[in-house]
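Please open the structure in your viewer and keep the selection tool at hand. The tour below goes from one selection to the next.

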Amino acid sequence: MEGKNILADPVFSEKCGPAGFGLQLGYTRFRCPACQVEDLPPIHVVLISHNHHDHLDSQSVRDIAKHHPDAKWLVGSGNAKFCKTSGCKDVEELKWWEPKTVGAFTFVCTPTQHWCLRYPDGFNHALWCGWVVKSPNFKYYFGGDTGYQDELFKLIGRKYGPFDLAAIPIGSYEPRYITELERVNPEEAVDIHKDINSRVSIGIHWGTFELTNEYFLEPPQRLEKEMYNRALDPKTFFNLRIGETWVVGENRDYNPPFMEREKEGTPRLTNGPFDGDLSGYKRETALQKCESDHLHRTHRICQDIKTKSEVQQTERSNPKRISADEPSPHNNHADSATGMKPTGRSKPRRSLSPDAPSPSNNQDSASGIKLTGRSKPRRSLSPDAPSPRNNQDSASGIKPTGRSARDR
């Protein structure tokens, strides 16, 4: 941004979580980092929104401090001690609404609706925040991690907007009864985009760590759908592929694989000016396209992760149609012979009529015993009837108990 390289909540580790004694706990990445710390250009400023491990990573802080010792670290109140003990030389804490001038730039620590906890005894002992960055010619907003509060974001828009670019979280939102107050979903992210008066916004905080229950490629697709539903230009709030470099204002000439649709002609970011036509809009399940995204651990994810919402979407899109006049696809011979109505079961239901032969035991029709659904007819409890397990029972007159051995 006008000659300065700024990092916000950098996490380069394979896992995000507590580390110590040679161990790294926490969540494993879905995707590899776009680069390593040693590959970065000279870093001038690092912004930290709060101290959760997926935003303030111990190893990343140490590596950045080592390779970029002159970087200035701006953090919320209560977070400076951690950064300094990790090797950062120039660290400054700010409170909400407090500005800090660095050269020709002004950084403002803005409130968000979230919380902090890094150590068991440190609940909300440090501040969480977003950041406004003002250069001589541009304004940038970094949302960090936040729930939705309309008055707050409208106030930020009035005080510091309009913004040339905003980074707004869109993921880690399910189940809502847990995350509603601390994280926005894609629909609420669009509200923030409008409240702060951002000209162009990028979706962040999705698709990297499995923090919550939604499918990890769902957020960007829900975001685009919400933009269409509100008749907003999807080119003004979209998602970059991890590792993609984009100059604000340049036209993007492709759609990332995670945004592919299952129907040709569906509105895309590359279709030219937005005309508001939603005809034929149909979201493809992310699972069907995840292999084309070349993701870290893709094969296991594609095979194992199927969210409830995707299953419901598949059932709605492809309902099972069963006709009483056509044979079951699982057992055509049995259905056509018995004339039974297919039920979707792999085998026809057994008849409960005493005259019908049992598929499990043909002796039922001869004995006249009513079928109960068991693979064998019930044992008689009469003392005169032989026991199928132990023929000596009839001689002794002892009532069978179902035990495999008589003696204790």
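What follows is a set of stops, each with something to select and a note on what is there.

**The whole chain**

Begin with everything shown; the model is a predicted one. The protein has 11 helices and 15 strands. Of its 408 residues, 43% are buried. Show the surface next: the protein exposes about 22600 Å², and carbon and sulfur atoms supply 49% of that area. Among contacts with a separation of 6 or more, 63% are between residues 24 or more positions apart.

**The open sheet**

Select strands 1, 6, 7 and 8, which form an open sheet of 4 strands in the order 1-6-7-8, with parallel pairing. Strand 1 (6-8) and strand 8 (90-94) stand at the edges; each has a single partner strand, so one side of each is left without a neighbour in the sheet. From one strand to the next the twist averages 20°.

Now narrow the selection to strand 1 and strand 6 (residues 45-47). The two run parallel and are joined by 3 bridges. To see one residue pair, pick Ile6, whose bridge partner in strand 6 is Val45.

Go back along the chain to Glu2, in the segment before strand 1. Glu2 is not a glycine, yet has a positive phi of about 50°. Its relative accessibility is 37%, and Glu2 counts as partly exposed.

**Trp97 and its ring partner**

Which loop holds Trp97? Trp97 lies in the loop between strand 8 and strand 9. This residue also has a positive phi, of about 70°, although it is not a glycine. With a relative accessible area of 31%, Trp97 is partly exposed.

Add Tyr160 to the selection. Trp97 and Tyr160 form a stacked aromatic pair, at 6.4 Å centre to centre and with 20° between the planes. The pair links distant parts of the chain, since Tyr160 is in helix 3 and the two residues are 63 apart. Is Tyr160 buried or exposed? At 9% relative accessibility, Tyr160 counts as buried.

The count of aromatic pairs comes to 9. For a cluster of rings, select Phe30, Tyr215 and Phe216, which form one aromatic cluster.

**Pro111**

Move to Pro111, in the loop between strand 10 (105-110) and strand 11 (130-134). At 7% relative accessibility, Pro111 counts as buried. Leaving aside neighbours within four places in sequence, Pro111 is in contact with Trp96, Trp97, Leu152 and Ile156. Measure from the C-alpha atom of Pro111 to that of Trp96: the separation is 5.6 Å, for residues 15 apart along the chain.

**Two cis peptide bonds**

Select Gly161 and Pro162. The peptide bond from Gly161 to Pro162 is cis, with omega near -5°. Pro162 is in the loop between helix 3 and strand 13.

Then select Glu174 and Pro175, which are joined by a cis peptide bond with omega about 0°. Pro175 lies in the loop between strand 13 and helix 4.

**Helix 5**

Select residues 186-195, which make up helix 5; 8 of its 10 residues are buried, and the helix is mostly covered. The buried residues include Pro186, Glu188, Asp191 and His193. What lies over them? The cover includes helix 3 (150-160), strand 13 (165-169), helix 4 (176-179), strand 14 (201-204), helix 6 (218-229) and strand 15 (237-238). Just after helix 5, Asn197 takes a positive phi of about 60°.

**The nonpolar cores**

Finish with the largest nonpolar core, which has 26 residues. Those that touch the most other members are Tyr141, Phe153, Ile156, Phe163, Ile168, Ile196 and Phe237. Helix 3, strand 13, helix 5 and helix 6 are the elements that give two or more residues to this core. Helix 3 gives the largest share, 4 residues.

Centre the view on Phe237. Beyond its neighbours within four places in sequence, Phe237 is in contact with residues including Ile168, Ala189, Val190, His193, Ile202, Leu223 and Met227. For the last selection, take Val102, Tyr140, Leu165 and Ala167, which are among the 20 residues of a second, separate core.

Note on methods. Residues numbered from 1 in each chain as written. Predicted model: local features only at pLDDT ≥ 70, side-chain atom pairs only at ≥ 80, totals over all residues. Heavy atoms only, no water. Buried < 20%, exposed > 50% of the residue type's maximum accessible area, 1.4 Å probe, protein only. Contact = heavy atoms within 4.5 Å. Areas by Shrake-Rupley, 256 points an atom, 1.4 Å probe, with all protein chains shown as cover. Pairing = 2+ DSSP bridges. Axes fitted to C-alpha atoms, helices over the stretch in contact; angles between N-to-C directions. Core = buried A, V, L, I, M, F, W, Y, C linked by side-chain atoms within 4.5 Å. Phe/Tyr/Trp six-rings, centres within 6.5 Å; stacked < 30°, edge-to-face > 60°.
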